[in-house]
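Q: Hi, I'm new to this one and would like to go through it slowly. Could you put it up so that we can talk it over?

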Amino acid sequence: MKVLVTGGAGYIGSVVTEELLNDGREAVVYDSLYKGHPGAVDPRAKFVQGDLNDSVQLKAALTNNQIEAVIHMAADSLVGESVEQPAKYYENNLITGLNLLNAMRDCEVRKLVFSSTAATYGEPEKQPIEETDPTNPTNPYGETKLAFERALRWYENAYGLRYASLRYFNAAGASKRFGEWHDPETHLIPLVLHAARGTRADVQIFGDDYPTRDGTCVRDYIHVIDLAHAHVLALNILEERSAIYNLGCGGDGYSVTEVIDAARKVTGSKIPTRTVPRRAGDPAVLIASSAKIKTELGWQPRFQDLRLIIQSAWDWLTRHPRGYSN
């Protein structure tokens with residue numbers, strides 16, 4: 001199968017491409033490099049630098065490479081920024097996504113795996129979150145992802161486009177070749193590791209008085225390789241039907257304090273912390289259930305141990321102290 005990966009020069013997209021190639025598929029990375037890195041493109045893949053709004057170039061990439069399926073990773077994903085700049089998120093997450101669907105329709109490419117988000121659920125009433133739970137996003141990021149999912153249902157009905165939408169929270173860790181490097185960085189594990197290296201003064205803990213086991217927020221963290229493998233597996237269901245799957249870490253999740261303590265053990269650094277007031281809208285616990293994808297697709301995470309996740313990220317950062325610039 002020949003697969004186009006939009007956003008394949010980004011953090012998760014680079015590892016998805018790597019897993020596709022390791023699985024014997026052919027991969028074409030389509031990325032504008034707006035946030036991606038040339039060094040994050042697997043050298044075994046073909047690279048097309050292009051914008052999803054450029055319909056002519058996009059259709060050429062689909063047709064000339066005889067693409068049979070698309071994994072759509074390209075998106076903006078900062079919750080706070082989405083609240084401040086909703087227009088940007090509707091443009092980059094929804095309008096460009098619809099342009100991709102129209103190009104796929106015109107080129108008769110009828111299989112799509114969508115990198116969605118568990119933010120589509122908003123603040124859930126129960127934990128862990130299941131696919132049948134209500135979707136009620138609390139920010140434009142989650143809202144635009146859900147709007148695209150809803151469009152997928154109607155495109156399937158009208159044009160026969162099958163899709164698998166994967167909803168998850170926090171990818172973390174690294175493969176040997178590809179890791180996480182954002183500017184600005186907002187994710188907890190890389191922030192903790194930058195503090196361990198001394199390139200950050202400390203790690204902020206946003207509230208320590210939540211009704212959790214240690215007072216700090218509890219979240220899902222999934223190793224990026226396990227996450228990428230789920231995207232590859234999801235291609236298989238498209239021969240039969242469309243589907244929506246959650247991806248979660250299982251168990252009780254990991255608190256902010258537990259992440260920091262695990263990083264201290266991995267790195268041998270003290271990692272200074274500073275407790276600051278809660279962020280508005282931060283739920284105490286967010287964990288997604290992976291029972292459905294495990295049952296239907298046989299997905300089994302291989303690296304679901306917090307210290308393994310952090311160790312892989314630390315190893316990559318140690319080899320790439322300036323990210324993809326070196």
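Q: Is Ile271 buried or exposed?
A: Ile271 is buried, because its relative accessibility is 0%, where buried means under 20% relative accessible area, exposed over 50% and partly exposed in between, with a 1.4 Å probe and protein chains only. One caution before we go on: this is a predicted model, in which local features need pLDDT of at least 70 and side-chain atom pairs count only at pLDDT 80 or more, while totals for chains, interfaces and linings use all residues. Residues are numbered from 1 along each chain as its sequence is written, and side-chain values use heavy atoms, with hydrogens and water left out.

Q: Where does Ile271 lie, and what is its phi?
A: Ile271 is in the loop between helix 8 (256-267) and strand 13 (273-276), and its phi is positive, about 50°, although it is not a glycine. Most residues other than glycine have a negative phi. Gln66 also has a positive phi of about 50° without being a glycine; this residue lies in the loop between helix 2 (55-64) and strand 4 (69-72) and is exposed, since its relative accessible area is 54%.

Q: Stepping back, how many helices and strands are there?
A: The protein chain has ten helices and 14 strands, these being DSSP runs numbered from the N terminus (H or I of at least four residues for helices, E of at least two for strands).

Q: And what about the overall size?
A: The C-alpha trace spans about 55 × 45 × 40 Å along its principal axes. The radius of gyration is 19 Å, which agrees with the value near 20 Å for a compact globule of 326 residues; the radius is taken over C-alpha atoms, and the globule rule is 2.2 Å times the number of residues to the power 0.38. Of the 326 residues, 56% count as buried.

Q: Which residues does His231 touch?
A: Not counting residues up to four places away in sequence, His231 touches Val16, Ile71, Met73, Val113, Ser115, Leu166 and Tyr168, a contact being heavy atoms within 4.5 Å. His231 is in helix 7 (residues 224-237) and counts as buried because its relative accessibility is 0%.

Q: Changing topic, how many aromatic pairs are there?
A: A search of the whole structure finds four, where rings of Phe, Tyr and Trp (its six-membered ring) pair if their centres lie within 6.5 Å, and planes under 30 degrees apart count as stacked, over 60 as edge-to-face and the rest as tilted. One of them is the edge-to-face pair of Tyr155 and Tyr159, at 5.2 Å centre to centre and 65° between the planes. Both residues lie in helix 5 (residues 140-159), four residues apart, about one turn of the helix.

Q: Are those two buried or exposed?
A: Tyr155 is buried, with a relative accessible area of 14%, whereas Tyr159 is partly exposed, at 35%. Trp316 and Tyr324 form a tilted pair, with 5.2 Å centre to centre and 55° between the planes; Trp316 is buried at 1% relative accessibility, and Tyr324 is buried with a relative accessible area of 18%.

Q: Last thing, where are the cis peptide bonds?
A: One joins Gln127 and Pro128, with omega about -5°, and Pro128 is in the loop between strand 5 and helix 5. Another joins Asp183 and Pro184, with omega about 5°, and Pro184 lies in the loop between strand 7 (171-172) and helix 6 (188-197).
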